[in-house]
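Reader: I am a first-year student and should be grateful for a close look at a single part of this structure. Please explain the part in one connected account and define the terms as they arise.

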Amino acid sequence: DPTVAMQGGIGGAAGVFSNAKDLAVIFQMLLNKGQYEGKYYLQPETIELFTSPIIRNNRRGAGFDKPEKNSKNSPACEAASDKSFGHTGFTGTMVWADPETQLIYVFLSNRVYPSANNNKLSRRNIRTEIQQMAYIITAD
């Protein structure tokens, strides 16, 4: 993250740096209301707070983004429920969870290579188109 690099490598907005398996585990724990493999890591109330919108007329939650229905600017596909939440990162990474369908979607990328000017993922809606397909596949 170039901004964090300018801050000496430490910043709250540094984004998601992980692998698909670990992200899936974290988001499964969030879908399980804080519990994973029989152990509680977070209280259900904490997860509710961080995955719910906190400001009227703003889709963002305290810790995660939310879908924006009927908008081309939504970070999630049309099939994502209002209860879904996730993160889209500067490098193109996307991780999203939907409590209604129990779907977890992880998309890892490095859109900044070879240049941070690369915006094809957003311009072509690649992440959300693949996410939409995941909903269709899991619905069958």
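Author: The account below follows one strand, its two partners and the aromatic rings that lead on from them. The model is a predicted one, in which local features need pLDDT of at least 70 and side-chain atom pairs count only at pLDDT 80 or more, while totals for chains, interfaces and linings use all residues. Residues are numbered from 1 along each chain as its sequence is written, and side-chain values use heavy atoms, with hydrogens and water left out.

The part chosen is strand β4, which covers residues 94-98. Strands are DSSP runs of E with at least two residues, helices are runs of H or I with at least four, and both are numbered from the N terminus. Five of the five residues of β4 are buried, so the strand is largely enclosed by the rest of the structure. Buried means under 20% relative accessible area, exposed over 50% and partly exposed in between, with a 1.4 Å probe and protein chains only. The enclosure concerns both faces of β4: M94, W96 and D98 are buried on one side, and V95 and A97 are buried on the other.

The partners of β4 come next. Strand β3, residues 85-88, runs antiparallel to β4 and is joined to it by four bridges; two strands pair if DSSP finds at least two bridges between them. In this pairing, M94 of β4 has T88 opposite it. Five residues lie between the strands of the β3 and β4 hairpin, and G92 there takes a positive phi near 100°.

Strand β5, residues 103-107, is also antiparallel to β4, with five bridges between the two. Here A97 faces I104 in β5. The hairpin of β4 and β5 has four residues between its strands, and Q102 takes a positive phi near 65°.

From β3 the description passes to the aromatic rings. F85, in the range 85-88 of β3, belongs to one aromatic cluster with F27 and F64. The structure holds three aromatic pairs, where rings of Phe, Tyr and Trp (its six-membered ring) pair if their centres lie within 6.5 Å, and planes under 30 degrees apart count as stacked, over 60 as edge-to-face and the rest as tilted. One of these pairs, F27 with F64, is edge-to-face, at 5.7 Å centre to centre and 75° between the planes. The pair links distant parts of the chain, since F27 lies in helix α2 and F64 in the loop between α3 and β3, 37 residues apart. F27 has a relative accessible area of 4% and is therefore buried.
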